[in-house]
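Load the model and switch on side chains. This tour follows the charged pairs, stop by stop.

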Amino acid sequence: MSGVKIQMRRDFQIDHIKPMSQGDLTTIDNLQLLTRKAHVEKTRKENTRR
């Protein structure tokens with residue numbers, strides 16, 4: 001996320017690195033902060049792999 005300047009907190013979302021749908025848990029080691037746009041794209045890619 002280097003170089004990204006965001007003005008509002010709502011532009012970020014918490015993401016599960018390994019999805020709960022794959023049996024992973026909501027733990028600090030499995031969470032990351034993504035921009036809203038990056039989260040949408042990651043989720044879209046994950047859903048097309050199913």
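**Salt-bridge tour**

Begin with aspartate 15. This is a predicted model, and in it aspartate 15 counts as buried, at 4% relative accessibility.

Now add lysine 42. Its side chain forms a salt bridge with aspartate 15, and the closest N and O atoms are 2.8 Å apart. Colour by secondary structure. Aspartate 15 sits in strand β1 (residues 12-16) and lysine 42 in helix α1 (residues 36-48), so this pair ties together parts that are 27 residues apart in sequence.

Keep lysine 42 selected and add glutamate 46. These two side chains also meet in a salt bridge, at 2.7 Å from N to O. Both residues belong to helix α1, 4 residues apart, or about one turn of the helix. Buried or exposed, lysine 42 and glutamate 46? Both are buried.

Show the three together. Asp15, Lys42 and Glu46 are linked in a network of salt bridges.

Next, select arginine 44 and glutamate 41. What is the distance between their closest N and O atoms? It is 2.5 Å, and the pair forms a salt bridge. Both lie in helix α1, 3 residues apart, about one turn of the helix.

Turn on the surface for this last pair. Arginine 44 is partly exposed, with a relative accessible area of 44%. Glutamate 41 is partly exposed too, at 32%.

Finally, check the tally. How many salt bridges does the count come to? The count comes to 3.

Key: Residues are numbered from 1 along each chain as its sequence is written. This is a predicted model: local features need pLDDT of at least 70, side-chain atom pairs count only at pLDDT 80 or more; totals for chains, interfaces and linings use all residues. Side-chain values use heavy atoms; hydrogens and water are left out. A salt bridge is a side-chain nitrogen of Lys or Arg within 4 Å of a carboxyl oxygen of Asp or Glu. Helices (H or I, at least four residues) and strands (E, at least two) are DSSP runs, numbered from the N terminus. Buried means under 20% relative accessible area, exposed over 50%, partly exposed in between (1.4 Å probe, protein chains only).
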